Every structure is written in structure tokens, then in C-alpha cells.
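Please open the model in a viewer and keep the selection panel at hand. The tour proceeds chain by chain and then descends to individual elements.

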Amino acid sequence: MKHIEFTIDGKTMTAKPGQTILKAAEAHGVYIPHLCAYKDLIPHGSCRVCSVRCNGRIQAACVQTVSEGMIVENDTPEIHEFRKAILDMLFVEGNHFCMFCEKSGQCELQALAYRFGITAPQFPLLEPERELDMSHPDVYLDHNRCILCGRCVRVSQDLDNKNCFQFVGRGHRKRLKVNGEALAETDLRVTDAVVASCPVGALMKKRVGYAIPIGERHFDQQPIGHAIEEKNS
Amino acid sequence: MTSSQEATNHPEKPRIATVSLAGCFGCHMSILDIDERILALAEIVDFARSPINDYKTFDGRCTVGIIEGGCCNEENVHVLEDFRKNCDVLVSLGDCAINGGIPAMRNNIPLRECLEEAYLKSPGVYNPSGTIPNDEELPLLLNRVYPCNEVVKIDHFIPGCPPPADAIFEVLSALLAGRTPAIAYGDLKYD
Amino acid sequence: MKQALATVVQEICKKYDFDKQRMMDIVLGVQGRFGCISVEAMDLIAEMVGSHRVEVESVVTFYSFLSLKPQGKVVIRLCDDIVDWMKGYDAVADAMSKALGITMGETTSDGAITLTKTPCIGMSDQAPAALVNDVVVTNLSPERAQDLIHNLRRHLDPQQLVTTVGDGNHSHPLIRSMVRNNIRRRGPVHFADFEAGQALKATLAMDPEAVIATIRASRLRGRGGAGFATGLKWELCRNTPSDRRYVLCNADEGEPGTFKDRVLLTECAAQVFEGMTIAGYAIGADTGIVYLRGEYAYLRPYLEQVLEERRANGLLGRQIQGHPSFHFDIRIQMGAGAYVCGEETALISSCEGHRGDPKNRPPFPPQCGYLDRPTIVNNVESFSAAARIMLKGAPWFEAIGSERTTGTKLLSVSGDCRKPGVYEVPFGISAREVLELAEADNPGAVLIGGPCRQMLGPDRFSGRICYDDLATGGAFIIFNRARNKLAIAERYLDFFIDESCGHCTPCRVGLQLLKNLVHKVVTGAGEPSDLAEMRRLSNIIIQTSRCGLGQAAPNPVLGALENFSALYTDLVSERSPGLLSTFDLSRAVVDAELRVGRQSKYV
């Protein structure tokens, strides 16, 4: 197959035709921070954390496919500033109480904030009123922590062949909704792939919180993206 | 601990003030948790207004003010304002100071409901008079719990619940040495 | 009742072949019958079209005109656009509220009338205006509003509110509307005589490549505002291999202050449809869709009849004008109140029966659009121009306008002027000339292209309307010197916040944060650093947002900062150390003071 040559931060690399910047970079051990992109699902392009400067324009690396000679800027002060701002937007948009969240140490939003050295949100908290859905026997949904990344919507459809979640409303009123009045009305099972797909503590298994001791959790020692970057060293 | 007497004897020594507002004192425990390094710190700084030495008022300008907890009542605001006026640099220490923390969980619940739940309705409450405490000495609660940086300008932040002692030590050392603090990856925590 | 619901929903779904891609039509149909789309109705729809309730709910909750909860038999949507606001919205809203005894957003206790507000309904030249169900009422005053409520209370029939009809086709029995065209200047492209079928005849005499070559030679660029070369778009679409291609007409004229497509559809519908048909021939499509904004529903019966006439005359349908292999037909897809659907990929999503979320690009619609097939989406005015070009030839068209922007432009002029309305002017005309034509009243600023562009001050009035200087989709809003430009910028920001689809973070969250910052400055609590932060945040939103809405939304604020910077700098000042200007202790303790009955000793 013909390979496409392009550069990320001046380093030349190759991509397969149709490959996204995000995937091509990962194959070469370059980590592009991202949140809504998940495994091989159709990219959502919504969180914008993976924004890169691509031939002069800002594009989402999870969506934009590589073209011959493309010049991608990933690790620059400008891009860092954009990503930090977007992460902070996600923090202040919800109600994130990391100190008691069972996802702490395993949370991708938190891990990205750690990676970028964020000590406090740069924007005022919006403190929305959000709901907590405890109706399901084995899984709960805490809208306070939802970042509207759409992973659950797509995983439920594409991997679980169900349709447990979708977005309703628009703009700042947009929120995640379950197929029915409450989670218990859906055909969600605790064994579904969707349960593990939530990057934050919004969709969580019941009765298994805090199982991993502090210090041994996924992001306690190494920053998010470390596993990809290790391949590069 | 140094005394104010010594502080005035060494006017060149930087002075540190600390306070716990709507917090649990866990962050102050973490300050003490810098262990024997606190002795080295005591060599180069004086502690002014602080629960560590129980001085309750400012008696001069301080280099660094460390704030634990957010503002849940009028007195917190008053104290924080006092810190801002008396300190060159203010540091928000811990999640409560930074984003309100656990106390801020009440922020979407009307104050009246919070008080009724706490003093009248919740299981296990023994309150035969059925009154909600209202002594003149009790500071009035705010409509919500405010992060410190929504009340006064804050210069530095050390997140964590509580922040690791190493993070506190790094930020203090950096500020005293006049460099920008850089908290190590493993010491930057929100829990 | 339950049985009745099931029967009607079944009937409606059947009308659309139980096709979930026709979800917009289905839910609009259900709401038309029951006044809302209830949970039970959503369950039934989902079951009948093979979907899920949450998918239906996702669509219903996206569009402002669709409702999950019962509304009044009559819904009054009072337009709260800036121009309406300048022309007395507040007093009209107040009069309506008082006359109905309800506040904005409520329904009268007898369930008869709902009063709500809505962004620009395309009537800025006759503001304040409102939609009463599908009926447009214009030039409202508090007195007229009172009368209107009084009459409506009596008969609950919006159509009876139309006592005098507007000019031109407004007296057509299928329109019968009080709307006026306000065509102030007729140019040679759109408002010259047009005989249905003639442009098509000239087109079908050529092969499709030659048609595209003609459009390319005319250098026609998209009239929606972005200005992409129309011929190139058609060519890209034609050259993408596919079994089917589609022609979509963007009649979702939602940019505040724009209303020229309303006039084109009222007076030149045949020319627009002919342009679509020509495009269909050129790209090799057999289906065209007009995406008509919900606000223009009053034009639909008339437009359907124009389509019917064209079918009867062999201008639509199979073997058009006897051409053995050219078959093409057009359907109208109604929108339901969502500005973002004017974005071409969002428009496609909506036509496909989804929420009006824009799609990720690439791929672009000419490669992969409606139902994943190559699709062209062009503005109403672009199709109208294309038809004229096929009739008069590319050199004729190219001779009009400025050197680099050919042809004429329809401007929707509104605001502080004596002659608001539609002007067909050659490209290259200066803003000042337009201000003079419209007899502007002491103009202090003009917003060319609507709030997605920047407001300009008198120092820019010599600028020329063309794609190299002052690009516009048609809006030309005039503000006199007394208008508060900051308040205008803040209101436009509110508009974008309400109309964001909410898909991407910077637009969904960033705009709220920007609004808070603007509000802080406008209310006098700002510091100089806040102005820098407004610029920084605006830049982040513009750069990182996914579609044109987020990329344009900070423009009203940035425009005010750039072109009227003194207004902002006068409002901010350095603060003394101590409590922040945004923190108000007296307000923060007010709940507690009420609760315990004593005053704060710190206030």
C-alpha cells in the first residue's frame, strides 16, 4: 500500500491512506491528547482536546485524515494553551469533585489535567444543576461528571448493539439521556462494553469503588499517553 | 516555633501566615507532614498569623499567605480579605480553597433546605426545640460556597485533598527562592 | 385517546413510508395534530419506524419549534432579534404579557395561548414581528399587540389576524399574508422578468459539462456568505463517482437581519426551482430538496403549488422538457427553528431525520453529503442567479459587479433607516452608498453579513461589498450613533449561545464563559486584563470550534473590541487589592439574613 509522508512538529512520519492524524501519530509513538476519541469507533470530533495546527489551520486530529506533505503542529505553546483551556471548560461545565470520585486516578479528564500541569481551573465554575440516576441495580449515571463526549452513545450502538444513550437538547442545555425515563428502563447490562468506556466517573459500576489503592491507580505514576510515548523512546 | 518577638528581630526573614476557612484542617495536617523539613523551613521563615502558632491577628506584612478552605460564611470572606491586604502572595491550598470542595456540594441546594436538613429533618437529629441555631456570634452563611479566587485574587494554587506534603514544600521553597513553582507529576493530585 | 394517538401516528408514519430519515416530517406531523410530541407518541414513532425513543427525543429536543409538552392551541413566537428590540420589542412583549396575564414562556391557564420568544424570523424590515402559529404579524406596537391578543382570544384563529394583505404574491390565496416585500431596488439578475422553462431549455441544449463550464465562467460564488465558487462545487460533485447525487437548496435563512430569500421565494420561486433543476442536470442528480426554515412555513402551500405547476408543465418529473434521460423532482423539507441548520452539514443532518448537528468535515458534501452521497448545497439566491446565467450567458453576468466579485447581491437592509427592505445591487457598491440608498438615520455602525461578522464604524463605510472586502450573506443592519454597541454585542452573543448545537466544547462552554466576561465588563466590574482575556478566549473559541457557528460567534464581541474599543476601555479600571469587583458580600448573605433575621456585620 502506498504510504503518505507528513510531519509532526518537524519530524517526518508516514501514514496509511485514510488514516487520521491521531492514529498515524500513535503508530509512531507520538501521543496527541484526546478524550472523545475511543478505540476504533467513528470519531466524534466533539471535545476538541486533540486540536492540532494542520497546514496552518486548527483541526481535530481524531477526524482529520493525513494528506501528503501535511505539516502538523502538536507540541507547541499555542496548542498547549488551547488544550488547557478546553480541559478547563470541561471541568467548569460540570460538577467535578475529584476528592471523592471513585474514578480518581483512573479518570482521563483528570489525567489530562495532570499532564498539562493544571493546578486550578482558569475559568469561573458554572456549577450547573445536574441529576444522579441510581435506578439501575448495577450501574449508575452521574450527570454531574458527564462531559458529553458521546463515547457511551457510540459504544452502546456500535459495540453493544443497543441504543441505551443519546443526546437531547442543544447548546448549553445539551445533555446525555437514556432510552427511557431512567437507566433501569434500558436494556443496559453491567457486562456491556459501554460501562468501561466512560472516560470520567459519569457511568460507573456500583459497589466496586476505591478498589485500587492510591499510588497504584492507572495514572498515579505515569501521565496519560505514556504507554504510546514509550514506543518512541 | 518562632515568636513574633523574634520576627521583629529578624525583619529580613520572610513571614508566612496560614488559615483554614471552610476546610477540615486536613491541608494544615499536610503542611505538618513535610516532616523534619519544617525545621529547615523554620530557620528561614517566621510563621505569623496561623493556627500552627495560634496567632489570631496580623502584626505586620507577610510574604506568603496560605489559605485552606473556601468561603462558606461572612467571616471567611472577612478573613480572606484581611489576608489579601496583609500578604504579598496568596496561595490557595487544597481543593476546597480552589473549587469549594466538599462544602460546595451544597451549592445547588437553597440555604434554607440545607439548614433544615442539618438541624431538623435528617435522621438522627435530636432537636426538641425545633430551632435552627442563630446566635449573634455565628457568622452568616453565604448563599453558596465560594472558591477563594472568586473572592480575592489568588496567586498560586496547590491542589489535592489534601495536597501532598512534597507539593506544599516545593511551592513554598520556590516562592521563597523567587522561582516559579513546579509541582512534580506524582505530587499534582486532585484527591 | 390512546387508540386515537396510535392511529394518527401510524397514519403519519405511513405517509412517510415508515422511513426514519423522514423523522422531521413525522414529528412535525404529530405535533401538528396533538400540539406536542408526547412520550407516548415518541414510543409509538420509534416502534413504527424501527428506532428508539431516545433517538426521537434527541430530534424533538433539538428544534425550538418542537415540544415534548403540550402548548397552547395558538403559539405566539415574538421575535426578539436586535432589530425588533430596537423597534420596540420590550413594550410589545410587555403588552402581550399583560393582555394574556402570563409571562414569556408560559401558557394561559385555559391552555389556549402560549407566549414565547424566538430569534430573527426574517422580518427585520417590518419589525417588531411575531409568528402566530404559522401566521406572520408585522409592524407590531403595544396597541396593535393588545388588539391582536383581544381578537385572538375571541376566535383563536391566527389567519383571521390578517386583515390587510401585503404587496405582490402576498395576496395569493395560498399565501394571504400581511408581510410586505419591500423590494427597494430591482436589479437584472433576480428581479427582471423570468419565464419558467426558458433557462432550462438553454441548459438542456448543452451537455452537463458545458453547463458547469458556463457557471464557472460566470464566476458565480455562493450567495450564503461563504462565497465558495458555485461552478467548482458542482464540478466536484459531478466528478465524485456515485449511484446518486442530490441538490439541496438552503432556504434556512436564519442569519439575524437577513430576509432576502423570503422575498425571492415569494416572488421568484420559479426561478429558484429552475436553478435547482439546472444544477440537477449539471451534476447528474434526480432529487432536489428545499430546506425551508420553519419560520417561512406560511410560504409552503404556495411553493408546493409552484412545484405542482412545474410538474404539470414538464419542468419537473420524468423526461424533463422531453429530454430522454433527465428526471428530476423537488421536495420541500421543513425545518423547525434551529439557526445552526443553515450550516450545510447540519442542514443535511436535519434532512436525514437527525438532530441538526453539523458533521465532521472532511469529507465535504460534494464528496459525501445527504445519505452519504455527493451533494451540493447552495443558497436560494445562488440558484436564482444560476438560472439567470443560463438564460443570459456567463459574459453578461460577469460584466456586472466588481472585477473580482461578479453579479449582483441581494441585501436585506434593516435597522435605523427610512427605507428598510431588499436591494439588488451590483457587487462593489460601497457601504456608504447603501446607507444613502436606505436613507440611514445618523449611522454610527453597520453590521454587514449579520452577527457572524464584525460591526463596522464610520471609518469603514467606504469599504465595498464584495468577497475581498465586506463579504455578506445579505444582512445589512444599520445602527444609529445613539445605539449601545456593547449591549448589541452581548445580545448577539446570547443568540449564538442559544443556537449552538452543543456538540463541541469551545462553542458549548466557551461562549457561556465569554458571555460572563462581557457581562462583567458591561456592568462596570471589569478590569483592563478582562479585555485581554475576552480577546484570548474569543480566539480559542474561533480557532478550535468545529463549525462556522462557533468560529463566528465571538465576532460581535471582537468587532466591538476592535472597532469601538473606547467603549470597552471606558468601562474598565484597575481595582485596589481586596475583594474582587465580581464578589458582592451583601448579595451573598441575603439568603441568610432573611433566614435568621439579622444583618451581616461585615457589609
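The stops below cover the chains in turn, then one strand with its partners, and finally one loop residue.

**A word before starting**

The coordinates are a predicted model.

**Stop 1: chain A**

Select chain A and display it as a cartoon. Its secondary structure consists of 6 helices and 10 strands. The radius of gyration is 18 Å, close to the 17 Å given by the globule rule for 233 residues, so chain A is as compact as a globular protein of that length. With the view aligned to the principal axes, the C-alpha trace of chain A spans about 50 × 40 × 35 Å.

Now add a surface. The accessible surface of chain A amounts to about 9,700 Å², and 51% of it belongs to carbon and sulfur atoms. Of the 233 residues, 61% are buried. Among contacts with a separation of 6 or more in chain A, 64% are made by residues 24 or more positions apart. Colouring by charge brings out 28 positive and 29 negative side chains in chain A, and the centres of these two sets are 3 Å apart.

**Stop 2: chain B**

Hide chain A and select chain B. Here the count is 7 helices and 7 strands. Tracing the cartoon along the sequence gives the order α-β-α-α-β-β-β-α-β-α-α-β-β-α. A compact globule of 191 residues would have a radius of gyration near 16 Å; the value for chain B is 18 Å, which agrees. The C-alpha trace of chain B extends over about 55 × 40 × 30 Å along its principal axes.

On the surface of chain B, about 8,700 Å² is exposed, with carbon and sulfur atoms supplying 54%. Buried residues make up 51% of the 191 in this chain. Of the contacts in chain B between residues at least 6 apart in sequence, 77% join residues at least 24 apart. Which charges does chain B carry, and how far apart do the centres of the two sets lie? There are 15 positive and 28 negative side chains, and the two centres lie 5 Å apart.

**Stop 3: chain C as a whole**

Move next to chain C, whose secondary structure comprises 25 helices and 14 strands. Its radius of gyration of 25 Å is close to the 25 Å from the globule rule for 603 residues, so chain C is as compact as a globular protein of that length. The C-alpha atoms of chain C fill a box of roughly 90 × 65 × 45 Å along the principal axes.

Chain C exposes about 21,900 Å², of which carbon and sulfur atoms supply 48%. Some 62% of its 603 residues count as buried. Of the chain C contacts between residues at least 6 apart, 71% connect residues at least 24 apart. Its 67 positive and 70 negative side chains have centres that lie 0 Å apart.

**Stop 4: strand β10 of chain C**

Select residues 408-415 of chain C, which form strand β10, and show the side chains. Is this strand mostly covered or mostly open? It is mostly covered, with 8 of its 8 residues buried. In a regular strand, side chains alternate between the two faces of the sheet. On one side of β10(C) are Thr408(C), Leu410(C), Ser412(C) and Ser414(C), and on the other are Lys409(C), Leu411(C), Val413(C) and Gly415(C), all of them buried.

Extend the selection to residues 421-426 of chain C, strand β11, which runs antiparallel to β10(C) and is joined to it by 6 bridges. A hairpin of 5 residues connects β10(C) to β11(C). Centre the view on Ser412(C) to find Val422(C) of β11(C) opposite.

Then add residues 475-480 of chain C, strand β14, which pairs with β10(C) in the parallel sense over 4 bridges. Within this pairing, Phe476(C) of β14(C) is the bridge partner of Val413(C).

**Stop 5: Gly122 of chain C**

For the last stop, select Gly122(C), located in the loop between β2 (113-118) and β3 (130-132) of chain C. Is Gly122(C) buried or exposed? Its relative accessibility is 0%, so Gly122(C) counts as buried.

Display its surroundings as sticks. Leaving aside residues up to four places away in sequence, Gly122(C) touches Thr258(C), Phe259(C), Arg262(C), Arg293(C) and Tyr296(C). To finish, draw a distance from the C-alpha atom of Gly122(C) to that of Glu308(C): the two residues are 186 apart along the chain, and their C-alpha atoms are separated by 26 Å.

Definitions and conventions
Residues numbered from 1 in each chain as written. Chains lettered and ligands numbered in written order. Predicted model: local features only at pLDDT ≥ 70, side-chain atom pairs only at ≥ 80, totals over all residues. Heavy atoms only, no water. Helix = DSSP H or I, 4+ residues; strand = E, 2+ residues; numbered from the N terminus. Rg over C-alpha atoms; globule rule 2.2 N^0.38 Å. Buried < 20%, exposed > 50% of the residue type's maximum accessible area, 1.4 Å probe, protein only. Contact = heavy atoms within 4.5 Å. Areas by Shrake-Rupley, 256 points an atom, 1.4 Å probe, with all protein chains shown as cover. Lys, Arg positive; Asp, Glu negative; His and termini not counted. Charge placed at Lys NZ, Arg CZ, Asp CG, Glu CD. Pairing = 2+ DSSP bridges.
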